[in-house]
Amino acid sequence: MSELKNDRFLRALMRQPVDRTPVWMMRQAGRYLPEYRAARTKAGDFLSLCKNTPLACEVTLQPLERFPLDAAILFSDILTIPDAMGLGLYFETGEGPKFRNTIRTAADVDALPTLDSSVDLDYVMNAVSTIRGALNGRVPLIGFSGSPWTLATYMVEGGSSKDFREPKKLAYAQPEVMHRLLDHLATTIIDYLNCQIRAGAQAVQIFDTWGGLLSTWAYEEFSLAYMRKIVDGLIREHDGRRVPVILFTKNGGQWLESMADTGADALGLDWTTDINVARERVGDRVALQGNMDPSMLYAPPARIRQEVADILARFGSNPGHIFNLGHGITPDVDPEHAKAFIEAVVELSPQYHQ
């Protein structure tokens, strides 16, 4: 593997000194870029794009050609695991992901296969190794997975939902069944992320998109406990470097202390928690990633720049900040506004790293 030319993202994750605050965006390879839309049209649909190694590599690199980003993130989807388990993932325009088969009973859970990610999800690993090679040390590559709870919500509900009534019903009425499902998913995710690390991912992020739906006790029992199991099972050193782990629970700002206790290296923040308050709460135990509201990218560039300045000032000169949005960039954002955001971080952050 080639020498890493820009490691400020990895250094910040480890709370080491950097020359400026590193920046990347969740969903940075996506529909807001016309070149992404062209590649998706070429592939035929979203899933075909994920499974087409050359095109998955191409769209991963697209935002790096436009913007001075400090990391690439694997182009894939959080629902690759349940798809490989035979649930029949498909996407309907305007409605998000859906599954042809759902998990509602103990028998359904017991019927789920045990995956070997290197075989059953080989297209993901092929994409990781191809992207890593194409990056040629330019920036680090982030691998990722959905959290067990987040995957379970889709698998039980059968798709997206405003309240995810069915998974909550299963968790509260038949907790033993939900725990069997979550444990099976956690074991699978450990293998999945470790395969990504062996294929070339230099950091990994666990996306707990729907953990924030839960009460505090339920979050600890059904979401955080299984993310802790994953963190414990991950390869943490590879190619002579630490492999940092980022946990991101959307709407999970009230649980930062518990998240920091998992052994993760960094926590992702959405925009509902002030970053200075988060820093005071977790101290120097973890790095923090975030946390501008993605909707701020609709504002004029001067207002975007001011928001970046405000967030940088609130975090201050402490080590361990990775600038990001509080969730994924939305599809109708003007790429020039994304550029204004990233360039503001590049220009305004060095003063905090003297």
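**Reading pockets and a sheet**

Me: The second largest pocket has a volume of about 220 Å³; which residues lie closest to its centre?
Reply: Rolling a probe the size of a water molecule over the atoms shows where empty space is left. Here a pocket is an open set of points for a 1.4 Å probe on a 1 Å grid over the protein atoms alone, with protein on both sides within 12 Å along at least five of seven lines, and lining residues have an atom within 4 Å of a point. In this pocket of about 220 Å³ (the space filled by probe spheres on points joined across faces, edges and corners), 16 residues form the lining, and Leu 4, Arg 132, Gln 202, Asp 239 and Arg 241 are closest to the centre. The model is predicted, with local features needing pLDDT of at least 70 and side-chain atom pairs 80 or more, while totals for chains, interfaces and linings use all residues. Residues are numbered from 1 along each chain, and side-chain values use heavy atoms, without hydrogens or water.

Me: What classes of residue line the largest pocket?
Reply: The largest pocket holds about 1400 Å³, and among its 41 lining residues Arg 27, Arg 31, Phe 46, Asp 77 and Phe 91 lie nearest the centre. Its lining has 21 nonpolar, twelve polar (Gly among them) and eight charged residues (Asp, Glu, Lys and Arg).

Me: Which strands stand at the edges of the sheet?
Reply: Strands are DSSP E runs of at least two residues, and they pair if at least two bridges are found between them. Seven strands form an open sheet with parallel pairing, in the order β1-β4-β5-β8-β9-β10-β11. Strands β1 (72-73) and β11 (321-322) stand at the edges with a single partner each, so one side of each has no neighbour in the sheet. Two bridges join β11 to the parallel strand β10 (287-289), where Leu 288 stands opposite His 321.

Notes:
Helices (H or I, at least four residues) and strands (E, at least two) are DSSP runs, numbered from the N terminus.
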